[in-house]
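Here are my notes after going through the coordinates, point by point. Have the viewer open while you read.

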Amino acid sequence: MIINDIGRRAAIMAESGNSYQKIYEIVKQIPKGCVASYGQVAALAGNPRWARVVGYALHVNPDPAHIPCYRVVNREGRLSDAFAFGGVNEQKLLLEAEGVEVTDGYVDMELYQWKKLRI
């Protein structure tokens, strides 16, 4: 079991550089006032099964000023934990500054989800 997990992680790491760049390019396209789910970003980057990899990539975002990772939420519209954006409510404040309404830590995906489905 451990060997399979190590192999899977090695495969992810081997592809991560190129994959991370694809993820960052997709996230840069999310318009102000919209959000996308991790799974949506993964699918647009070429692998719909890599939602977790999107999270890893955004956690090590090399250019937060130009890669708006705060616009990525989970499939239910739930915001990320506080550590990801520099403090409690930081993601909420950034989204609200763009006109996205956040209620109890959630964004209404029907209203605010980016409608892009394909590259």
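1. Start with Glu98 and Arg71: buried or exposed? Both are buried, and their side chains meet in a salt bridge with an N to O distance of 2.6 Å. This is a predicted model, so keep that in mind when you look at the pair. The bridge links distant parts of the chain, with the two positions 27 residues apart in the numbering. Glu98 sits in the loop between helix H4 (90-97) and strand S3 (102-103), while Arg71 belongs to the loop between helix H3 (51-59) and strand S2 (72-73).

2. Now add Lys32 to that picture. Lys32 comes from another stretch, the loop between H1 and strand S1 (36-37). Leaving aside residues up to four places away in sequence, Lys32 touches Arg71 and Glu98, the two partners of the buried bridge. The C-alpha atoms of Lys32 and Arg71 are 8.2 Å apart, although 39 residues separate them along the chain. Unlike the buried Glu98 and Arg71, Lys32 is exposed, at 68% relative accessible area.

3. How many salt bridges does a search of the whole structure find? The count is 3. Side chains of opposite charge can pair when their charged atoms come close. Besides Glu98 and Arg71, there is a bridge between Glu25 and Lys28, at 3.2 Å from N to O. There is also one between Glu96 and Lys92, where the closest N and O atoms are 3.0 Å apart.

4. Those last two bridges are local affairs within a helix. Glu25 and Lys28 are 3 residues apart in helix H1, so about one helical turn separates them. Glu96 and Lys92 are 4 residues apart in helix H4, again about one helical turn. An α-helix has 3.6 residues a turn, so residues three or four places apart point the same way. As for exposure, Glu25 counts as partly exposed at 37% relative accessibility, and Lys28 is partly exposed at 39%. Glu96 is partly exposed too, with 32%, and so is Lys92, with 25%. To be called buried, a residue has to fall under 20%.

5. Helix H1 (residues 2-29) has something else to look at. Which residues make up the 1 aromatic pair that a search of the whole structure finds? They are Tyr20 and Tyr24, arranged edge-to-face, with 6.3 Å from centre to centre and 70° between the planes. Both lie in H1, 4 residues apart, which is about one turn of the helix. Both tyrosines are buried.

6. Helix H3 has two sides worth telling apart. Val53, Val54, Ala57 and Leu58 are buried. Why do these count as being on the same side of H3? Because they cover an arc of only 135° around the axis. The face turned away from that buried side carries the exposed residues Arg52 and His59.

7. Take a look at Gln40 in helix H2 (residues 38-44). Gln40 counts as buried, at 10% relative accessibility. Its side chain reaches the backbone oxygen of Trp114 at 2.9 Å. Outside the residues up to four places away in sequence, Gln40 touches Val35, Gln113, Trp114 and Lys116.

8. A backbone point to check: Asp104 has a positive phi of about 50°, although it is not a glycine. Most residues other than glycine have a negative phi, and most peptide bonds are trans. Asp104 is found in the loop between S3 and strand S4 (106-107), and at 72% relative accessibility it counts as exposed.

9. Finally, the overall picture. The protein chain has 5 helices and 4 strands, running α-β-α-α-β-α-β-β-α from the N terminus on. Of its 119 residues, 38% count as buried. Among contacts with a separation of 6 or more, 67% come from residues 24 or more positions apart. The chain exposes about 7,600 Å², and carbon and sulfur atoms supply 54% of that area.

Methods
Residues are numbered from 1 along each chain as its sequence is written. This is a predicted model: local features need pLDDT of at least 70, side-chain atom pairs count only at pLDDT 80 or more; totals for chains, interfaces and linings use all residues. Side-chain values use heavy atoms; hydrogens and water are left out. Rings of Phe, Tyr and Trp (its six-membered ring) pair if their centres lie within 6.5 Å; planes under 30 degrees apart count as stacked, over 60 as edge-to-face and the rest as tilted. Buried means under 20% relative accessible area, exposed over 50%, partly exposed in between (1.4 Å probe, protein chains only). Contact means heavy atoms within 4.5 Å. Accessible areas come from the Shrake-Rupley method with a 1.4 Å probe; for residues, only the protein chains shown count as cover. A salt bridge is a side-chain nitrogen of Lys or Arg within 4 Å of a carboxyl oxygen of Asp or Glu. The arc is that of the directions from the helix axis to the C-beta atoms. A polar contact is a pair of N or O atoms within 3.5 Å; within protein, one must be able to donate a hydrogen and the other to accept it, and residues adjacent in sequence count only if both atoms are side-chain atoms.
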